Structures are given as structure tokens and as C-alpha cells.
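Welcome, and please open the structure in your viewer. We will go from stop to stop, with something to select at each one.

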Amino acid sequence: MLLKINNLKFTTSPVQVLFCLAICLLSAGLQAQEIIEDDAPASKKVIDTLENTGAKKIDGVAAVVGEYVILESDVDDNIMQLKAQGASLDGVTRCQLFGKLLEDKLYAHHAIQDSIIVSDAEIRSNVDYQLQQFMAQSGQSMEQLLELYNQPNEKAFREEMYEINKSQKLASEMQKKILDGVEITPEETRQFFSQIPADERPTFGTELKVSQIVIEPKVSEEENERIINQLKQFKADVIENGANFRSKVVLYSDDKASIPQGGMYTLNRKRPRMVKEFREVAFSLQEGEISDPVKTDYGYHIIYLEKIRGQEYDVRHILLIPKVSEEAIAEAREKLTKIRQRIVDGHISFADAAREFSDQKETRSEGGLLINPATQDYNFELTKIDPELYGQIQDLEEGEVSLIQTDQDRTGNIKFKILMVSDRVEEHVADYSRDYLKIKELALNEKRIKAIEKWQNEKIMDTYIKINGDYRDCDFSSNWLKQ
């Protein structure tokens, strides 16, 4: 649930974006960043994108919110944590980051007052995941991270990350409590829409449905057996000959992201991570035990349970991905060519062909219809569609079947697909009957925003808040200075 929360006055709302980044793990590219020189006022200091530089710690109390103290260095710690999540902070000022911290501490303070409890194990697991992702994506070791962030040791580094994550988790839970029960009625939706002047009503972009049929080249039984036997040999070599499991990860594993950590992942029983087949086997092992080969959608694994820490399991794994032959690739393409021709000739509908032939189980039962991950329905707005998918359908007329597209699955193996566009609705000004669900969502979002703003304004006045130094010059929209 993403809400607009206006901490500061600006046109394009970067803090609203930052609010989302601070809660969700994003996939944006990583860049080394630093705080610009201290002679600039806080309202103008931005997060720079220079390489090979570290965060600069500054001492001093910047603010007090309830029982929470915000140090100057907390802004830098927040940058550190956002970088570990992969967030890009180009153009974001220190004032904007500071406003986000004020919000977090206000929510966290009242979460504690309201006896909201968060899971210590879940927070520490989240820190583990963030650090693993950061090391995997940046290619840096823990020692390099400690040097980059001027941390004396890994324990201190993790504790700083823990405190940041805990504050954000408390803030998130407090916001959920504020919004619990906020709903919108049909009458409220009608009033919301009727209050929008006709010339100011939103324009909804062109929408359409997208269907696809996917054919995947089949891996031969001989190749599967070869992979399984190779993993069994790795296991035997570790158990019988004392070979090092981590070394085999580095030499052989196809999970490149986990190689810098020696194939290590931390799993939590209460927080699902990794695919179901992997988790079930990992949680069934004893410390020091290595599993037999396990099949998942990614390939085949052997899993080594290194340590159990309460609900958390430290595991290492080796992944091997079976390879498809050139003959299998040619057969798959030929199969899809024939299916496409039957559809074009009118011998079978696209939907029936998808149900009968498609290898994509997520869409097969729906006649090949793709689900929009943003809305969880079948409609895609053309201006917001994934760029790769847009490139594949941009020239298709409604009902036209695309030429065969070559794609790759999650393991990097080739697959083939054809696509079709249907139910196309051109760009139009919002219409109450046609666009009721979208208008309802806009009305609900506005009601949520007002609930958050009302709560925040009331709690700011009821909470001890003191802001020091340059941050008093920040152009807040919320009344943090109580003026």
C-alpha cells in the first residue's frame, strides 16, 4: 500500500518515492554515493553519485521526536541502508531524507505507545537479506563494506542496520493501524468524481489485454541424470573425502548471485524465502547435513544446512541448471510455428491453443492472459507497461498474432512465445461508468492520505519535538516546527 505523504514542499514529490524505497526492496542499479560538502545549507545538500567515496559521519543531535533522538549521522545511516536496498537517490536533498526520518520516528514513537510489537527475528533476517543482496549486486565483500561505511566490525554494522529497519518497521505497522478500516463507499466514490471539474478529470491511457503462448524446449532425461549424478558426486566428496562445500560452490554453482557468499542464504520459518521445494528440504535437515539433489524451477540443488539459530537457518547450496540441446530448441520452435499457423488459419482460437499447448502454467488456465502485476487484473495501460513487453506488442493490431518471439526463462534457457492483443480501449478522459474501479481506487487513496495527514497533524502537536541547527530552515509542509 503506497501513500503520498508530503513532508516537504516540492513539485515532483521525491520524498513520496523515497517512502516507497525505504519500505520495499528495489532492483535499481547500485551507485556509490556521498554527502556533499558541509558548507552548503541542509536544504540544498543532495546525495551525490561520485564513485569510490564513503559516507561521512557527522556528530550532533539534529532532532528529538518523543523518546527518539535523531543524530546528524542518522541521515548518513539512512543513506547506507537505502544503498543496501539498491535505491537510487539522485537529486534527493538532506532535508527530504530528514523529513522522512522525522516521520519514521513519530510513527515509531506512537507505535511503542500503542504497544505495537515487531519481530526481532524478522528484522534481523531482513538485514541479512539486504546485506547479501548488496554484496551480490555490488560484488563487494563484507570487509569492503565495513571500510566503505567506516564501521569498526560486522556486528556494529548490523546493529546500525537493525535500528534503521526496526524504526521503519514500527512506522509501517503504525501506518497500517491508522489505515485499518479505511474504506470507500459507492456514494463517496460518486461524490469524489462529481467534485472534479470536467476539464480537470484524469485521462486514462490506452488499455489492452495481452495473451501469450509459451513453448519451452525440453531437457532430455540423459541431461537431467547427468546433473543429478554430478550433484551426488559433490555430496559424496564432501562427506567421504572432506572436500570443502564452499569451494565447490565457487567452482561449479550456477547461482552466480550467491557465489560471493559461498552459496549462503538465511531462511526464516516465519518469513518465506526461496521456492517451496527448496524451503521444505532445507527445514528438514539437521545441522551439518547435506540433502540429496532437489528439483525446483531453477534447476537442481544440493543444500547444506550450516547452522540453526532459532527460527533462522543458515544454508549453502549448489545449483546446476540442465542445458537443452540444439535439437530440442529446433523442435520447440517448429511446434510453436505449427500452433501459430493453426490459429491464423482459424482452426483453433488463441485461448484454446494456450490451454492445450502452452508450457507457462501461470497463464495456461486463463487462455494465455497475462496478469498485470501492478493491478492484479488483466488490463495493461500502454504507457505503464513493461518496456520489454511493450516492444513485443507495440505493432500488433487487436486480434493479430505476433511472429514467434525468442525469450529466456529464469535459468537463462531459451523459450519461444507468440502474443496477441485484445480488448483495446483507447486513451480517454475518465468516465464514471467505464472507469468506476479506477475512480474508486483514486477516491480511496485520497481518503487514506487524509487519514494519515489528520493523524500526523494531531500527533505532531501532542508529541515533544525539537529540531536543531540548519534543519530548522528546511521547507516542511508538515508543522514539525509547531509554528
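Which residue in strand 15 is the bridge partner of valine 64? Select valine 64 and look across to strand 15: the partner there is lysine 466. Keep in mind along the way that this is a predicted model.

**Stop 1: the three-stranded sheet**

Now widen the selection to the sheet around that bridge. The sheet is open and has three strands in the order 4-3-15, paired antiparallel. Strand 4 and strand 15 (465-467) are at the edges with a single partner strand each, so one side of each has no neighbour in the sheet. From one strand to the next, the twist averages 20 degrees. Show the backbone of strand 3 and strand 15 and you can trace three bridges between them, in the antiparallel sense.

**Stop 2: a loop residue**

Stay in this area and select glutamate 67. You will find glutamate 67 in the loop that links strand 3 (61-65) and strand 4 (68-71). Is glutamate 67 buried, exposed or partly exposed? Its relative accessibility is 49%, so glutamate 67 counts as partly exposed, given that the exposed class begins over 50%. Next, add His109, Ile112 and Gln113 to the view: glutamate 67 touches these residues, leaving aside those up to four places away in sequence. For a distance label, pick the C-alpha atoms of glutamate 67 and histidine 109, which are 6.6 Å apart in space although 42 residues separate them in sequence.

**Stop 3: the four-stranded sheet**

Move on to another sheet. Here four strands form an open sheet in the order 11-6-13-12, again with antiparallel pairing. Strand 11 (379-381) and strand 12 (405-408) stand at the edges; each has a single partner strand, so one side of each is without a neighbour in the sheet. Ignoring direction, neighbouring strands of this sheet are turned against each other by 50 degrees on average.

Zoom in on strand 12 and strand 13 (residues 414-425), an antiparallel pair joined by four bridges. To see one of these pairings, select aspartate 407, whose bridge partner in strand 13 is lysine 415.

Then bring in the helices. Helix 11 (residues 326-344) packs on this sheet and touches strand 6 (207-215), strand 12 and strand 13. The direction of helix 11 makes about 25 degrees with that of strand 13. Helix 12 (residues 350-357) lies across strand 6 and strand 13, and runs at about 40 degrees to strand 6.

**Stop 4: inside the protein**

Switch to a cavity display. How many cavities of 30 Å³ or more are there? The count is two, and the largest cavity holds about 50 Å³ of space. To frame that cavity, select its lining: Gln132, Gln133, Ala136, Ala257, Ser258, Gln261, Met264, Tyr265 and Arg273. Coloured by class, the lining shows four nonpolar residues, four polar and one charged. Helix 4 (120-138) and strand 7 (264-268) each provide at least two lining residues, and helix 4 contributes the most, with three.

**Last stop: the whole chain**

Finally, zoom out and colour by secondary structure. The protein chain contains 15 helices and 15 strands. Of its 483 residues, 47% are buried. If you build a contact map, look at pairs with a separation of 6 or more: 66% of those contacts in the protein chain are between residues 24 or more positions apart.

Terms used. Residues numbered from 1 in each chain as written. Predicted model: local features only at pLDDT ≥ 70, side-chain atom pairs only at ≥ 80, totals over all residues. Heavy atoms only, no water. 1 Å grid on protein atoms, 1.4 Å probe; cavity = no way out; pocket = protein on both sides within 12 Å on 5 of 7 lines; lining within 4 Å. Points joined across faces, edges and corners; volume = space filled by probe spheres on them. Nonpolar A, V, L, I, M, F, W, Y, C, P; charged D, E, K, R; others polar. Pairing = 2+ DSSP bridges. Axes fitted to C-alpha atoms, helices over the stretch in contact; angles between N-to-C directions. Contact = heavy atoms within 4.5 Å. Buried < 20%, exposed > 50% of the residue type's maximum accessible area, 1.4 Å probe, protein only.
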